[in-house]
Structure formats: structure tokens, C-alpha cells
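Colleague: I've got the file open and a few questions about it. Mind walking me through?

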Amino acid sequence: TSNMKLILIFSALFGASLCLETFVGHQVLRIKTRNEEEVNKLQLLESLEHLQLDFWINPSTPTLPVDVRIPSNSVQAVKAFLESHGIEYSILIEDLQVVLDKEKEDMACSQQRDRSSDSFNYGTYHTLDSIYAELDHLASEYSHIVSKLQIGESYEKRPLYVLKFSTGGSNRPAIWIDAGIHSREWVTQATAIWIAKKIASDYGESPSITSLLNKMDIFLLTVSNPDGYVFTHTTNRMWRKTRSKNQGSPCVGVDPNRNWDAGFGGPGASGNPCSDSYRGPSANSEVEVKSVVNFIKNHGNIQAFLTLHSYSQLLMYPYGYKCTEPADYAELDALGRAAASSIQSLYGTTFTVGSICTTIYQASGGSIDWSYDYGIKYSFAFELRDTGRYGFLLPASQIIPTAEETWLGLKKIMEHVRDNPY
Amino acid sequence: DIDDVGHKYHLELVLEDILDKDSTVNCTAEVLYHLGNKNIAPDVQFTIEGELKNTDEADNTFYNRIKSLEKELVAENIPDSHGNVSPEMEPIRLLAWVASGYVIWQNSTENTKFQLAQIKHVKQVKRSDEYLEFDYMILLHEMVSQEIFPWQMTVLWHPQHGVQVTQDSRQPKHALE
């Protein structure tokens with residue numbers, strides 16, 4: 001049969017297509033199938049593993065195109081196969097390596113610009129390395145109040161760095177702020193590094209921040225999930241979770257904001273490793289979460305726990321794992337509204353205030369539920385801009401306005417914490 | 001609550017023109033989510049109080065620009081990772097938004113909240129008739145589950161005849177991860 005002949009032809013190419021290291025000469029074709037028969041032929045092709053075909057869209061129904069990356073030594077044979085069967089195709093990418101090289105070049109070019117310039121551009125998105133370099137820069141330029149601590153390591157062994165803002169004392173009451181626990185929420189890491197600069201430069205200039213830092217310390221974790229963040233730059237811009245391997249599953253990662261010990265296992269988190277809200281095998285299974293928990297517990301004097309997410313423009317307090325009001329509901333709600341009002345005063349951006357459960361959805365294993373039940377009364381979660389027009393892909397031009405308005409909200413809360421020790 | 005039928009919501013909303021924040025129009029709507037069979041799209045009835053802005057000029061400019069392209073339009077990642085959209089791609093994006101609205105409507109339940117997250121890929125399909133046709137691969141973000149759904153949709157458009165989604169289907173989450 002003609003199929004047998006084809007299998008023989010392809011088998012002859014076996015061995016030549018092993019050990020691919022680059023994508024030189026790889027082509028990506030878009031194949032248009034007109035009927036079930038053609039789909040079946042492509043599925044036969046798909047089964048020939050030695051061709052090392054990488055289907056970006058699998059053959060399933062005749063109504064859909066089939067996109068496939070073909071290693072260079074298989075290209076002619078696959079095209080011959082398609083043509084001999086009268087199957088239409090077009091070339092999406094002539095040489096994949098060219099595309100990848102250009103992309104690398106573009107990124108290297110802008111990284112070069114970042115490295116050689118004296119000042120960090122807060123109005124653009126940065127790689128992890130670039131953010132980490134700026135942490136060092138801030139710690140050195142403002143060494144009288146800023147120091148950098150490592151609180152642990154990520155799954156892939158990247159350091160988890162916290163900036164400590166302090167004017168001295170010993171284990172002063174402190175405020176905890178974190179960002180980027182969900183890696184695709186890029187405006188949060190960008191906002192956090194801007195806030196770092198703001199706190200450092202405002203000390204001695206702003207009466208409010210000066211009095212705050214004279215009494216309390218601030219701890220700021222700018223990138224809570226560095227593995228995920230790197231992954232959003234290298235591979236999948238929409239990645240949310242950590243990058244830990246899940247035993248017995250091909251799917252990677254745990255939703256770090258379903259992994260805290262607060263109603264863990266309850267509704268509002270998935271037990272499926274392939275889900276974007278997978279809770280993980282057990283509470284604190286993720287080192288990124290455990291490191292923060294350990295830090296907070298060892299410190300012993302954290303008065304507020306504030307976490308940044310995007311998007312939706314919300315300011316929320318506990319609970320997420322249950323829909324009952326926290327004991328401090330009245331105070332938290334009033335403070336939340338005051339903070340939202342401050343945020344709105346700058347650019348008119350409106351934030352909705354409420355508990356997690358009543359504002360978005362029931363979600364178990366969340367960080368502010370844990371911090372609140374642990375005894376940190378002032379626990380708030382922010383969802384920054386926007387409300388869906390750009391979503392996670394917020395234009396860089398909105399970074400600084402977002403950071404500026406968010407800062408006003410954070411300040412409102414921090415001032416209240418400063419004035420209401422407990 | 002309507003026994004044995006489903007849940008009906010009465011909505012009063014204000015529509016705001018994305019391209020002109022000061023242009024708003026009031027709208028009332030009734031949405032009925034069917035009990036049981038989650039594969040039926042919710043019923044929607046609506047009334048717009050007043051008129052929507054006329055966009056003939058911009059529509060025709062875009063239509064003529066695409067019609068006169070020598071090679072079919074191809075683009076990807078709109079917006080890009082940094083949220084950028086080139087001016088030429090803005091109408092392509094707006095078209096995807098409208099079309100994705102249809103896909104979202106067809107796949108919504110009381111427990112979903114979809115947003116168009118990104119256009120991964122768009123390719124124009126040349127037609128012999130007057131319609132413009134675009135083959136989109138989009139990413140839909142579902143808020144409640146936080147999942148990202150790749151979705152294919154074929155979109156037809158004509159300045160006078162409006163938007164049509166002739167084909168759409170959910171795609172497998174790609175193993176690129």
C-alpha cells in the first residue's frame with residue numbers, strides 16, 4: 001500500500017533526525033485538511049515518532065488547520081507526502097532558528113540598554129536579573145535604610161530576596177509587602193520595585209514615611225515566584241504557578257496562592273495538577289510559600305500583611321476560604337474603603353472593596369487568610385489595574401501611574417497600622 | 001429563580017465607547033441561564049436607549065486597507081508581552097474582541113467570567129466575495145478557575161454586514177509548557 005511505501009521512506013530518515021539541538025532549517029507549516037480522510041493521513045504522520053514532528057495544533061477535525069514544526073531533515077519528505085496526497089499547506093515559518101535568533105537579539109539589545117544605563121527605567125517591564133540588579137543598587141545607594149535579605153530559594157534554586165527598610169531598633173513591629181506570587185501579573189513586580197525606590201527616596205522627605213520608618217520596619221518581597229517569572233519571559237507569558245514537578249503528572253506547578261495553610265483542601269482550589277489553581281499535594285508544599293511562612297513566624301512581630309496581584313482593581317480582606325466575616329470586619333472594611341479612596345484620588349481609578357469570598361470567589365489556601373488567622377490583623381490583597389481590557393498584558397505606560405496610585409492605598413493602610421499598634 | 005427553567009437576571013447597564021470615554025449609552029438587558037444543560041448559551045434580550053456612534057468612515061478605511069493588501073495579513077501576540085499594540089493592529093484587535101464576545105457568550109454559565117487575554121495568532125484568509133475573513137487563535141482567560149483557554153475562531157466582517165463567527169473551537173493546552 002502507499003502508506004507502507006511512505007513508512008519506508010520516512011524510516012530511511014530515521015537516525016538523521018535524532019539529537020536535534022537547534023532549530024536551524026526547521027519549518028512550521030499550516031496544513032489545511034478538507035475531509036476526514038486527509039485528517040486521518042495527518043494522524044498517521046503524527047504517529048511516526050522518528051520524524052520528530054511537533055504539532056502546535058493537532059489534527060482532529062477537517063474544519064481546523066494543523067500547525068506542525070518539522071525538523072529540517074524531515075521537511076522535504078513531509079512536503080512530498082502532502083503534495084502527493086493533494087493536501088494543501090502553507091509555510092508559517094521558513095526557518096524557526098531565524099525567528100528565535102531575532103527574538104534573542106531584541107531582548108539582548110534591551111538588556112544591554114538596561115545594564116549600561118545609570119538609572120533603572122521604572123516605566124518598563126524587566127527580566128528577573130534586571131530586577132535583582134536593581135535590588136542591589138537600591139541597597140547600596142540607600143544603605144542607611146535599605147538592606148537585602150535572602151529568605152530562601154525557589155524550586156529551581158533562585159534566591160528569594162526581600163528588601164528590609166529600617167532605621168534601626170531591634171525587631172521593630174513591621175509591615176510585610178509581597179508581589180508577583182502569580183508570575184503573569186507583571187504589573188505587580190514592576191509596582192513593587194517602584195515602591196522600593198519610593199520608600200527609600202521618600203525617607204527624610206515625606207513626613208508620613210519618615211515617621212513610619214522611625215517606628216516600624218518594612219519588608220518587601222518584589223518577586224515572590226521567580227521561577228514562574230522567568231518562565232513568563234522565556235516560554236509562556238500566561239504562566240501563573242510555580243514550576244515544581246508534580247509526582248505522577250506531566251503537568252508542572254502549583255498555584256502558590258492556594259497553597260497556604262488556611263482552609264487548605266477546601267472549595268475554591270483544584271486537586272488537579274494540570275489546573276492553574278492546583279493547591280499542591282499539601283499546605284506549604286511550595287518552597288516559595290514555606291520560605292515566607294518561616295520568615296513571618298521567625299520574625300514574630302509582623303503587624304500587616306499586604307499582597308499585590310492583578311488584575312481587576314479590587315482591595316480585599318479575609319476570608320477567601322469561607323464566606324463568613326472576619327472578627328475585625330468593620331475596621332478592615334473601613335480601612336479598605338479609605339485606601340480605595342486614596343487610590344481613586346490620583347487618576348480616578350476605582351477599586352472595589354470587600355472580602356475575597358464576597359468580592360470574587362471562594363478560594364481556599366490563600367495567603368491573607370493564613371496571615372489573618374495567624375494573628376496579623378491588617379491583611380489585605382490588592383488586585384491592581386486593569387479590569388480586563390489588557391488584563392495581564394498591561395501596557396508599560398501604565399506601570400508608573402499604577403504604582404503611584406497603589407502606593408497611596410498602601411500608605412493609607414501603613415499609616416493606620418503605625419497609629420494603631422496591637 | 002424560575003422553577004424548572006433557570007435563573008433570570010435583569011440588568012441595567014451603561015455602555016461606554018472604548019474609543020471615546022465620554023460617549024455613553026444606557027442599556028437594559030435580561031439574561032436567562034438555563035438549568036441543567038450547561039451546553040446551551042444563556043438567552044439574552046437587550047434594549048439600547050439611544051444610538052451607537054456612527055463608525056462608517058473608520059470602518060471603510062480599515063476595510064479598504066485590508067482589501068488592498070498584496071499579501072494576506074499575518075500577525076501574532078496582540079498585545080505583546082509588554083501590552084503593546086501597533087496602530088495598524090488596533091482594528092484587528094477590536095474585531096477579535098467583538099468576535100470573542102460571541103464565543104464567550106456561547107460558553108458562559110453563571111460560574112464563569114471570561115476575558116479575551118491575547119491574540120496569539122491571526123491570519124487573513126483571502127476571499128473572492130466582499131467579506132474579510134480572519135482566522136484567529138486567541139487566549140481566553142477564565143477568572144473563576146484562572147485557566148487560560150486557547151481558542152480558534154474564524155471571523156467574517158463587512159462594514160455593512162457586521163461581524164460573524166463562522167467557526168470556533170477550543171484548543172488543547174499546548175505542551176510547550
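Colleague: Which residue's side chain does Ser169(B) join in a polar contact of 3.2 Å?

Modeller: Keep in mind that this is a predicted model. Ser169(B) lies in strand β8 of chain B, residues 162-170. A 3.2 Å contact sits inside the 3.5 Å cut-off for N and O atoms, and the partner side chain here belongs to Gln171(B).

Colleague: And how far apart in space are Ser169(B) and Gln152(B)?

Modeller: Leaving out residues up to four places away in sequence, Ser169(B) touches Leu64(A), Trp151(B) and Gln152(B). Along the sequence, Ser169(B) and Gln152(B) are 17 residues apart. C-alpha to C-alpha, though, the spacing is 5.3 Å.

Colleague: What pattern does chain B follow along the sequence?

Modeller: Chain B comes to two helices and eight strands, and its C-alpha trace spans about 55 × 45 × 35 Å along the principal axes. An unreviewed UniProt entry annotates residues 1-54 and 74-177 of chain B as "domain: Cystatin LXN-type". Within that, the span 1-54 is 0% helix and 63% strand, with its end C-alpha atoms 38 Å apart. Read in order, the pattern is β-β-β-α-β-α-β-β-β-β.

Colleague: Over to the interface: which residue of chain B forms a salt bridge with Arg30(A)?

Modeller: The count between chain A and chain B is one salt bridge. The closest N and O atoms are 3.8 Å apart, and the cut-off is 4 Å. The partner of Arg30(A) is Asp135(B).

Colleague: Which strands of chain A each supply at least two residues of the side that touches chain B?

Modeller: There are 11 residue pairs in polar contact across the interface of chain A and chain B, both residues at pLDDT 80 or more. On the side of chain A that touches chain B, the strands that each supply at least two residues are β2 and β4.

Colleague: How much area do chain A and chain B bury between them?

Modeller: By contacts, 39 residues of chain A meet 35 residues of chain B. Carbon and sulfur atoms carry 50% of the buried area. The figure for the two chains is about 2,900 Å².

Colleague: Why is one side of β2 and of β4 of chain A left without a neighbour in the sheet?

Modeller: Four strands of chain A form an open, antiparallel sheet in the order β2-β3-β1-β4. Both β2 (54-55) and β4 (88-93) stand at its edges, so one side of each is left free of a neighbour, because each has a single partner strand.

Colleague: Which residue in β3(A) stands opposite Asp54(A)?

Modeller: β2(A) pairs with β3(A), residues 66-70, in the antiparallel sense over two bridges. Helix α3 of chain A, residues 72-84, lies across β1, β3 and β4, at about 15° to β1(A). Opposite Asp54(A) in β3(A) stands Arg69(A).

Colleague: There's another sheet in chain A, with eight strands. Which strands stand at its edges?

Modeller: This open sheet has mixed pairing and the order β5-β6-β8-β7-β9-β12-β10-β11. Neighbouring strands are turned by 20° against each other on average, direction ignored. Strands with a single partner have one side without a neighbour, so the edges are β5 (146-153) and β11 (352-355).

Colleague: Which residue in the loop between β5 and β6 of chain A should I look at for its phi?

Modeller: β5(A) and β6(A), residues 159-165, pair in the antiparallel sense over seven bridges, with Glu153(A) opposite Pro159(A). Most residues other than glycine have a negative phi. In this loop, a phi near 70°, positive in a residue other than glycine, belongs to Lys157(A).

Colleague: Last one: where are the cis peptide bonds of Tyr319(A) and Pro79(B)?

Modeller: Most peptide bonds are trans. Tyr319(A) lies in the loop between β10 (314-317) and α10 (329-347) of chain A, while Pro79(B) is in the loop between β4 (74-78) and α2 (90-106) of chain B. Omega is about 10° for the bond joining Pro318(A) and Tyr319(A), and about -10° for the bond joining Ile78(B) and Pro79(B).

Conventions
Residues are numbered from 1 along each chain as its sequence is written. Chains are lettered from A and ligands numbered from 1 in the order in which they are written. Side-chain values use heavy atoms; hydrogens and water are left out. Two strands pair if DSSP finds at least two bridges between them. Contact means heavy atoms within 4.5 Å. Axes are lines fitted to C-alpha atoms, for helices over the stretch in contact, and angles run from 0 to 180 degrees between N-to-C directions. Buried area is the accessible area (1.4 Å probe) that two parts lose on being put together, summed over both. A salt bridge is a side-chain nitrogen of Lys or Arg within 4 Å of a carboxyl oxygen of Asp or Glu. A polar contact is a pair of N or O atoms within 3.5 Å; within protein, one must be able to donate a hydrogen and the other to accept it, and residues adjacent in sequence count only if both atoms are side-chain atoms. UniProt positions are given in the numbering used here, feature names are shortened, and annotations may be inferred rather than shown by experiment.
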